[in-house]
Amino acid sequence: MSSNQENLNHHQSWPTRSLILVVLVFLLLAIVTILLTAPFAAILGPGTYALAGAAHGLFAFFLLIVSTIALYLAFRLFTNRIKAFPDLQLISTVISVLSFIAICFGNWIYIPYRAATSNSPKAYFLANMPEVHRVFFEFKEYIALFTLPLSVAAAFILWRYGKELLERRDLRNLVSLLLLLHFICFTIAFGLGAAVTKLRPI
Amino acid sequence: MAETKIKSTENSCNGIAIAAAISAMLGMIGLGLSAVLAEHSPAISAALQRLGQLWMPGAGGIGPYSGKETVAVIAWLGSWLVLHRLLGKREMNSALWTGIFVVGVLAAMMLIWPPMWHFFS
């Protein structure tokens with residue numbers, strides 16, 4: 001490559017890089033401004049557990065996205081047409097971690113939910129709509145826990161066997177099944193959690 | 001199909017995978033059984049609460065739920081340790097064990113469905 005050609009490339013790439021830099025600086029400024037001035041306390045709501053509740057919902061939402069991708073990759077694995085096997089290994093690990101984090105925050109906000117006060121969500125439901133607590137919330141709090149062993153088992157098998165798994169139909173089926181069950185358990189818990197929160201937030 | 005033609009790097013038995021799946025199922029059944037037992041016995045419910053309070057931060061605030069989680073974790077990880085050692089070097093009947101896994105998970109789901117708890121009383 002001649003010296004003139006190198007100079008030309010340099011002059012062509014520099015404006016693009018500087019534009020990206022400018023956009024990043026503006027984005028950073030916008031984020032800092034929002035973080036410093038936005039009244040987050042108002043949107044989170046009152047209460048000691050508002051932040052924990054928001055974190056639980058946020059991580060559950062992330063998990064919804066990632067477990068949907070995992071379900072698609074599990075289907076590709078089941079049909080033996082998967083191209084992104086390393087992605088499936090990574091995503092199964094991510095859903096395991098997100099399940100664990102969502103469960104931890106869920107435990108935390110379960111404290112105000114079942115608090116022995118007249119205005120706690122549990123007291124409200126028992127007084128006004130007992131089935132919401134006795135059937136739907138009780139089921140939600142248990143089935144949410146199923147997501148962790150299912151995703152950990154899937155991730156473990158995917159990493160332990162690696163690409164050897166692609167040649168074994170029985171193991172492909174088992175991992176696909178684990179990820180399908182994880183998705184079913186998670187979406188039930190997510191849907192019921194959203195419904196209960198809509199009726200009576202913490 | 002060319003996209004999936006990848007050579008094996010090692011020849012592993014399926015016992016390791018079966019152990020991982022069955023232990024997950026046992027953890028779920030442990031959770032379901034502890035939920036049913038706590039519903040029908042105040043003594044077991046109190047014992048589960050004490051069990052959770054042994055190690056879980058804030059367990060006092062969530063009652064016997066902390067103990068049910070503890071039972072589930074012990075059943076899951078404890079059985080995984082044992083089954084991994086027992087089945088790790090064995091080639092298992094995949095169809096049979098996958099069937100057992102599915103039936104077990106469905107049974108665990110039935111155990112945590114609150115309207116079912118009254119059938120045991």
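Two exercises with worked solutions follow, on a helix and on a surface patch of a predicted model.

Residues are numbered from 1 along each chain as its sequence is written, and chains are lettered from A in the order in which they are written. In this predicted model, local features need pLDDT of at least 70 and side-chain atom pairs count only at pLDDT 80 or more, whereas totals for chains, interfaces and linings use all residues; side-chain values use heavy atoms, with hydrogens and water left out.

**Exercise 1.** Describe the span, bend and burial of helix H6 of chain A, residues 130-161.

*Solution.* Begin with the span: the 32 residues of H6(A) reach 47 Å from first C-alpha to last, close to the expected 46 Å, where the expected span is 1.5 Å times one less than the number of residues. Helices here are DSSP runs (H or I, at least four residues), numbered from the N terminus. Next, H6(A) bends by about 30 degrees at Phe137(A), the bend being the angle between axes fitted to the seven residues ending there and the seven starting there. Finally, 24 of the 32 residues are buried, so H6(A) is largely enclosed by the rest of the structure; buried means under 20% relative accessible area, exposed over 50%, and partly exposed in between, with a 1.4 Å probe and protein chains only.

**Exercise 2.** Determine which helix gives the largest share of the nonpolar patch, and classify Ile43(A) by its relative accessibility.

*Solution.* The patch, whose members include Leu19(A), Phe40(A) and Ile43(A), has about 1,200 Å² of accessible area together. Its largest share, eight residues, comes from H1(A). Ile43(A) itself lies in helix H2 of chain A and, at 71% relative accessibility, counts as exposed.

Key: Helices (H or I, at least four residues) and strands (E, at least two) are DSSP runs, numbered from the N terminus. Patches are made of residues with over 30% relative accessible area and no salt bridge: like charges are joined within 9 Å, nonpolar side chains (Val, Leu, Ile, Met, Phe, Trp, Tyr) within 5 Å. Accessible areas come from the Shrake-Rupley method with a 1.4 Å probe; for residues, only the protein chains shown count as cover. A salt bridge is a side-chain nitrogen of Lys or Arg within 4 Å of a carboxyl oxygen of Asp or Glu.
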